[in-house]
Structure formats: C-alpha cells, structure tokens
Amino acid sequence: MATPAEPPVDPRGVRFAAGVTTVVLALVLLSGSGWLAAAQTVVFALGAFFGLRFAPYSVLYRLVVAPRLNPPAEKEEAAPVRFSQLVGFVFALVGTIGYLTGLTVLGIVATALALAAALLNAAVGFCLGCEMYALIQRLRTRNQGATA
Amino acid sequence: MSLWGAVALGVAVVVALVLALVLRARDGRVRAAAGASGGWALAGCSPSGQDRVLLLQLSSPVCAPCRQTAAVLTELAGRTVGLVHVELDVADRPDAARELGVLRTPTVVAFDRDGTELLRVSGVPRAADLLAGVRPALSGRLAP
C-alpha cells in the first residue's frame with residue numbers, strides 16, 4: 001500500500017481532517033443519507049489509495065488552515081495515517097452499503113464506529129488506525145524473523 | 001432526521017470521550033513494575049561503576065512520540081549521574097518487546113542495577129515524575 005514513500009505530514013492537519021470527518025459522519029447519522037456516506041467513503045478512498053496529498057480534507061488544511069499557522073514543530077510518518085484512511089474506508093463502505101440497501105442498522109453501526117475513531121483522533125490525537133498499523137508491522141517483522 | 005442515527009451519534013461521542021480521558025490519564029504516567037528482570041542483558045550492556053538505573057526505551061520506526069521520548073530521556077540521562085538510557089527498536093528486537101510484555105511504543109521500562117524492573121511508562125514520560133520514581137534506586141550506595 002505504502003510503496004512510494006510519502007513525505008511526512010503535519011500532525012495538526014491529521015487532526016483537522018479527523019475533525020471534519022467527525023462532523024460529516026455525524027451528519028450522515030442524523031440525516032440517514034447513504035449518499036453522504038458514499039461521499040465520505042470516496043474521501044477516505046482518495047487518501048488510502050492515492051496518498052494523503054490527494055485526501056480532500058488534507059488539501060483543505062494545506063490550502064486554507066496551514067498558511068495561517070506557524071510551521072509544524074514536528075512531523076509524523078505518512079504510512080500509518082494512510083493506513084488509518086484505509087480502515088476508515090472499509091467502515092464507511094460498509095456503512096454506505098447498509099444505508100443504500102436498506103440495512104439501516106448496519107449503516108448506523110458502521111458509521112458510528114468510524115465516527116468514534118475519528119473523534120478520538122480529533123480530540124486527543126490518538127489514531128486507532130495508526131496503532132493498528134504499528135502492531136501489524138511488528139507482527140510482520142516477527143514472522144519474517146521466524147522464517148528467515 | 002433519523003432517531004436511531006441520533007442515538008448512535010450520542011453513544012459514539014460518549015464512548016470516544018471516555019476512551020480519550022482514559023488514554024490521556026494513562027499516557028506518560030508512571031506505572032507500577034510488571035515484574036520484568038534482566039534489563040541490562042536485553043539492552044546488551046552491563047552497568048559500569050557509576051551506573052545505577054537503566055531506562056530501556058522500546059520504540060518503533062514510525063512513531064513521532066518515540067522521538068520526543070528519546071529526546072526527554074537523553075537530556076535526563078545527560079544531567080543525572082548513574083542514569084543510563086538505551087533505546088531499542090521493536091522491529092529489530094521483537095524478542096525484547098515480547099519478554100517485557102510491551103504492545104505500545106514508546107514504552108520505557110526502568111531497571112535497577114541488578115536488572116530488576118522498577119517501573120514503566122507508556123507514552124512520552126514526564127521527566128520529573130520518572131526521575132522521582134527511580135530516585136531511590138539512584139541514590140543507593142556506590143559499589144566499592
């Protein structure tokens with residue numbers, strides 16, 4: 001997934017994007033709109049499959065918010081963030097399918113789970129998908145070590 | 001307006017905020033030892049004359065707080081006699097993470113001169129709290 005190495009990202013941008021995601025997912029839950037869920041699924045897909053520089057909320061941050069702030073004191077690796085977009089994509093896709101096929105409960109549950117993870121990131125900077133990425137990387141290197 | 005959607009929204013927000021409070025309270029706080037031993041051997045060194053306490057830091061390659069932690073501990077070890085800081089990458093040393101039962105990075109495990117665990121911290125440690133936790137072991141009498 002992360003074959004071409006992406007430049008490190010501004011962690012404040014990641015939290016900004018998580019905040020926008022939280023608001024959009026809240027609107028999905030309140031309106032029950034499968035099409036809005038589909039739009040958020042596309043947003044996740046752009047970041048996950050094409051890279052964070054194509055993720056719409058990251059673009060919004062870079063163009064509108066970042067120029068008004070000081071340069072970031074530190075940057076973080078893009079790969080775990082990109083993986084978290086993939087996790088978000090899966091949940092949003094399941095939610096969209098649920099809403100658009102009439103399985104509303106599935107739509108609500110998948111959207112609410114994605115919203116909780118996004119809010120956790122926006123509120124305290126804890127990225128669940130990034131932690132999953134780190135654990136998976138470790139399991140992978142451990143297995144390579146065992147077979148080498 | 002979806003009623004159940006609104007209910008789910010409320011539940012998700014409460015769950016996320018409770019999790020956020022738990023994580024924030026735990027992050028960087030000194031916790032009791034989990035009973036590990038053999039810290040110096042895991043770090044691949046043995047204590048020289050002045051060394052009293054080992055801060056063994058487990059890091060991973062993609063981890064911004066690991067770099068902050070390394071900076072805090074390097075500075076702390078630099079100005080504290082008898083305090084040694086060693087950083088291990090769990091990608092190179094999965095055995096160390098397994099041995100110490102560490103899932104999250106950064107985690108710092110402090111060992112006394114005998115290699116017995118004193119305490120551990122996950123997340124970026126607060127230097128003052130960490131120092132207070134290991135001070136009794138630091139002020140132990142010097143070996144002849």
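**Exercise 1. The environment of A:Ala45**

How many C-beta neighbours inside 10 Å does A:Ala45 have, and does A:Ala45 count as buried, partly exposed or exposed? Locate the residue in the predicted model and assign its class.

*Solution.*
Step 1. A:Ala45 belongs to helix 2 of chain A, which runs over residues 34-50.
Step 2. There are 18 C-beta neighbours inside 10 Å of A:Ala45.
Step 3. A residue is buried at 20 or more such atoms and exposed at 12 or fewer. A:Ala45 therefore counts as partly exposed, with its 18 neighbours.
Step 4. For a tertiary relation, take A:Gly88: the C-alpha atoms of A:Ala45 and A:Gly88 are 8.6 Å apart, although 43 residues separate the two in sequence.

**Exercise 2. Confidence of the prediction**

State the confidence for each chain and for the complex, and identify the elements with the lowest and highest values.

*Solution.*
Step 1. The average pLDDT of chain A is 90, and 92% of the residues score at least 70.
Step 2. Within chain A, helix 6 has the lowest confidence, with a mean of 74, whereas helix 2 has the highest, at 97.
Step 3. Chain B has a mean pLDDT of 90, and 96% of its residues reach 70 or more.
Step 4. Within chain B, the lowest confidence is in helix 4 (residues 94-100), with a mean of 88, and the highest is in strand 4 (residues 107-111), at 96.
Step 5. For the complex, the predictor gives an ipTM of 0.86 and a pTM of 0.79.

**Exercise 3. The side of chain A that touches chain B**

Describe the composition of the contact between the two chains, beginning with the residues that each contributes.

*Solution.*
Step 1. Chain A supplies 27 residues to the contact and chain B supplies 26.
Step 2. On the side of chain A, at least two residues come from each of helix 1 (11-31), helix 4 (78-101), helix 5 (104-124) and helix 6 (128-147).
Step 3. Helix 5 of chain A contributes the most to this side, namely 8 residues.
Step 4. By class, this side of chain A has 17 nonpolar, 5 polar and 5 charged residues.

**Exercise 4. Two helix pairs across the contact**

Give the geometry and composition of the packing of helix 1 of chain B with helix 1 of chain A and with helix 5 of chain A.

*Solution.*
Step 1. Helix 1 of chain A packs with helix 1 of chain B (residues 3-26) at an angle of about 145 degrees, and the axes are 6 Å apart.
Step 2. In this pair, A:Ala26, A:Leu29 and A:Leu30 meet B:Gly5, B:Ala6, B:Ala8 and B:Leu9. The contact has 6 nonpolar residues, 1 polar and no charged ones.
Step 3. Helix 5 of chain A and helix 1 of chain B cross at roughly 35 degrees, and their axes come within 8 Å. This crossing is right-handed.
Step 4. The contact of helix 5 of chain A with helix 1 of chain B has 20 nonpolar, 1 polar and 1 charged residues.

**Exercise 5. Two leucines of chain A**

Assign the exposure class of A:Leu30 and of A:Leu106, and list contacts for each.

*Solution.*
Step 1. A:Leu30 lies in helix 1 of chain A. With 16 other C-beta atoms within 10 Å, A:Leu30 is partly exposed.
Step 2. Setting aside residues up to four places away in sequence, A:Leu30 touches B:Met1, B:Ser2, B:Gly5, B:Ala6 and B:Leu9.
Step 3. The C-alpha atoms of A:Leu30 and A:Ile108 are 9.7 Å apart, with the residues 78 apart in sequence.
Step 4. A:Leu106 is in helix 5 of chain A. A:Leu106 is partly exposed, having 16 other C-beta atoms within 10 Å.
Step 5. Apart from neighbours within four places in sequence, A:Leu106 is in contact with A:Val94 and A:Gly98.

**Exercise 6. Annotated spans and a cis peptide bond**

Compare the UniProt annotations with the modelled secondary structure, then describe the peptide bond from B:Thr105 to B:Pro106.

*Solution.*
Step 1. An unreviewed UniProt entry annotates residues 16-36, 42-65, 86-109 and 115-136 of chain A as "transmembrane region".
Step 2. Residues 42-65 of chain A are 79% helix and 0% strand, with end C-alpha atoms 22 Å apart. Residues 115-136 of chain A are 86% helix and 0% strand, with end C-alpha atoms 22 Å apart.
Step 3. In chain B, the annotation "transmembrane region", from an unreviewed UniProt entry, covers residues 6-23. This span is 100% helix and 0% strand, and its end C-alpha atoms are 26 Å apart.
Step 4. The bond from B:Thr105 to B:Pro106 is cis, with omega near -5 degrees. B:Pro106 is in the loop between helix 4 and strand 4 of chain B. In general, most peptide bonds are trans.

Methods:
Residues are numbered from 1 along each chain as its sequence is written. Chains are lettered from A and ligands numbered from 1 in the order in which they are written. This is a predicted model: local features need pLDDT of at least 70, side-chain atom pairs count only at pLDDT 80 or more; totals for chains, interfaces and linings use all residues. Helices (H or I, at least four residues) and strands (E, at least two) are DSSP runs, numbered from the N terminus. Two residues are in contact if their C-beta atoms, placed from the backbone, lie within 7 Å. Ala, Val, Leu, Ile, Met, Phe, Trp, Tyr, Cys and Pro count as nonpolar, Asp, Glu, Lys and Arg as charged, and the others, Gly among them, as polar. Axes are lines fitted to C-alpha atoms, for helices over the stretch in contact, and angles run from 0 to 180 degrees between N-to-C directions. UniProt positions are given in the numbering used here, feature names are shortened, and annotations may be inferred rather than shown by experiment. pLDDT is the predictor's confidence in each residue, from 0 to 100. A crossing is left-handed if the near helix is turned anticlockwise from the far one by less than a right angle, and right-handed if clockwise.
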